[in-house]
Amino acid sequence: MAHPHDVPTSAQLLEAVRQWLERDVMPAVDARLQFHGRVAMNLLAMVEREIEIGPDQAIEHSQRLLTLGCADDSELAQRIKNGEMDDRLDEVRALVYASVIDKLQVANPKYLEK
Amino acid sequence: MVRTWQSRDVKTTAIVDALASDLSGVLGAREVSNLRRLTGGASRETWRFDADGSAFVLQRVRPGTVGGLKQEPSVLLMAAQHGVPVPELVFDGSASTALTEPFMIVRAVEGETIARKIQRDDAFGLARQNFCRDAGAALAKLHSIDVAEVSGLENEDQVVRYRDVLDFLNQPHPTFELVFHWLRAHAPVSQRHTIVHGDFRLGNLMIGSKGIAAVLDWELAHLGDPMEDLGWLCVKAWRFGGAAPVAGLGSYDDLFASYEQHSGIAVDADAVRWWQVLGTLKWGIICISQASTHLSGVMRSHELAAIGRRVCENEYDLFQLLEGEW
């Protein structure tokens, strides 16, 4: 989608902040702040990944929901809860599993290697 | 070593000095020294101190916590009487106002609670070998206690409880709905009704050089199916990155064999698995709850916010756990 912004892109801005934390801040702080610094760097890297692969994931997720006849995850969750999906649970599970993989690709791709 | 993280909450030495003085009054001790705050649970403050040459731990209810200490001191006493390794209860302050909020004082047990150190440090090699044996024995003894001996413990259906929590949090998680569906369809017929520790895992166990020195953190003790404790101990989050299913340290077979040896009761592996599934789901719901603590503004923290994006790890764990079992 077209936008009016100049470079750096939003992902590049986040990357710049993350690298500054890693290069300049982390070596200069105590162990407790280093722990919180690592959490912060992980979050920035996560959003960088979401900016990169999120748009394609959104298209695939919409397709999954369309297949199941649900507008969003709330409706899907509600219909599973109400037993309205009981006759197609294998199909529902396969599509929900695919969405869990997509969430992990953004949140923590290393988790999939274990 | 014990859990020693100096809290930022300790703002002034005046507060510490006043508490030391109160403690010396409670124990009738000549001198209270080295009083320092340790990391504690959500509803408790934990302090360590020396009194007349012996080391003690104080657990005090955080101001504003509903329900006080509940049955914790009496459960601790009961567990000790039945041979479960626990810290010795020195003072039951559950009905006392000497320290403003309800409290209890136990004798300090030396050892380590940090999972990473227990899993890796050379000093715990023997403890790692003995872990399943000790865990099976401790749980078998705890579960042998006649429930008529303790009163006031909660007796709540755990599926209903976490169903309610997820509904309250109001976040859509189709995976969790699928798992609730599975849990209802596969619920084990509970064979026994016992005291359940409720949070038996690394972090809440004091590990000495030879094995489990003491079972700590009894605030979630309740009545229920004893297999809940075995299942919770095997939840992936409590392996802390280790490969072995029991606390990242041992095998199901070793845990079950020890439990059977000390209880005389055969372990139903399917029932343990069911509780492991519920435990994994429960941890996922707790993660949603922690993120909501940040989102609602109760406690703004990027660390809590990050936990919200770890819920999908639990969802993935559940799919792995239930592969071929649906």
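A salt bridge, as counted here, is a side-chain nitrogen of Lys or Arg within 4 Å of a carboxyl oxygen of Asp or Glu. With that in hand, let's start where the two chains meet: between chain B and chain A there are three salt bridges. In one of them, the side chains of R309(B) and E50(A) come together, at 2.9 Å from N to O. Over all chains, the structure holds 22 salt bridges.

A few ground rules before going on. This is a predicted model, where local features need pLDDT of at least 70 and side-chain atom pairs count only at pLDDT 80 or more, while totals for chains, interfaces and linings use all residues. Residues are numbered from 1 along each chain as its sequence is written, chains are lettered from A and ligands numbered from 1 in the order in which they are written, and side-chain values use heavy atoms, with hydrogens and water left out.

**How confident is the model?**

The score to know is pLDDT, the predictor's confidence in each residue, from 0 to 100. For chain B the mean is 93, and 95% of its residues reach 70 or more. Residues 1-5 of chain B are another story: their pLDDT is below 50, although this stretch has 20 contacts in the model beyond near neighbours in sequence (a contact means heavy atoms within 4.5 Å). Where pLDDT is low, the predicted coordinates should not be read in detail.

**Two meeting places**

Chain B is divided into domain 1 (13-107) and domain 2 (115-322), with bounds that come from an automatic or database domain assignment. The C-alpha centres of these two domains of chain B lie 26 Å apart. So there are two places to look at: where the domains of chain B touch each other, and where chain B touches chain A. The table uses buried area, which is the accessible area (1.4 Å probe) that two parts lose on being put together, summed over both.

| Parts | Residues in contact | Buried area | Share from carbon and sulfur atoms |
|---|---|---|---|
| Domain 1 of chain B and domain 2 of chain B | 17 residues and 20 residues | about 1,500 Å² | 65% |
| Chain B and chain A | 24 residues and 29 residues | about 2,500 Å² | 67% |

Take the chain pair. H302(B), R309(B) and Y316(B) supply 24% of the area that chain B buries against chain A, more than any other three residues. Nine residue pairs are in polar contact across this interface, both residues being at pLDDT 80 or more. A polar contact is a pair of N or O atoms within 3.5 Å; within protein, one must be able to donate a hydrogen and the other to accept it, and residues adjacent in sequence count only if both atoms are side-chain atoms.

Which elements give two or more residues to the side of chain B that touches chain A? They are α5 (158-169), α6 (174-186), α10 (302-308) and α11 (311-322) of chain B. Helices (H or I, at least four residues) and strands (E, at least two) are DSSP runs, numbered from the N terminus. The most comes from α11(B), with seven residues. By type, this side of chain B has nine nonpolar, five polar and 10 charged residues. Ala, Val, Leu, Ile, Met, Phe, Trp, Tyr, Cys and Pro count as nonpolar, Asp, Glu, Lys and Arg as charged, and the others, Gly among them, as polar.

Now the domains. Between domain 1 and domain 2 of chain B the count is zero salt bridges, and one residue pair is in polar contact (both at pLDDT 80 or more). On the domain 1 side, helix α2 (residues 72-81) of chain B gives the most, with five residues. The residues of that side divide into eight nonpolar, six polar and three charged.

**Backbone oddities**

The peptide bond from V7(A) to P8(A) is cis, with omega near 0°, and P8(A) sits in the segment before α1 (10-25) of chain A. In chain B, N34(B) has a positive phi, near 55°, without being a glycine; N34(B) belongs to strand β1 (residues 32-38).
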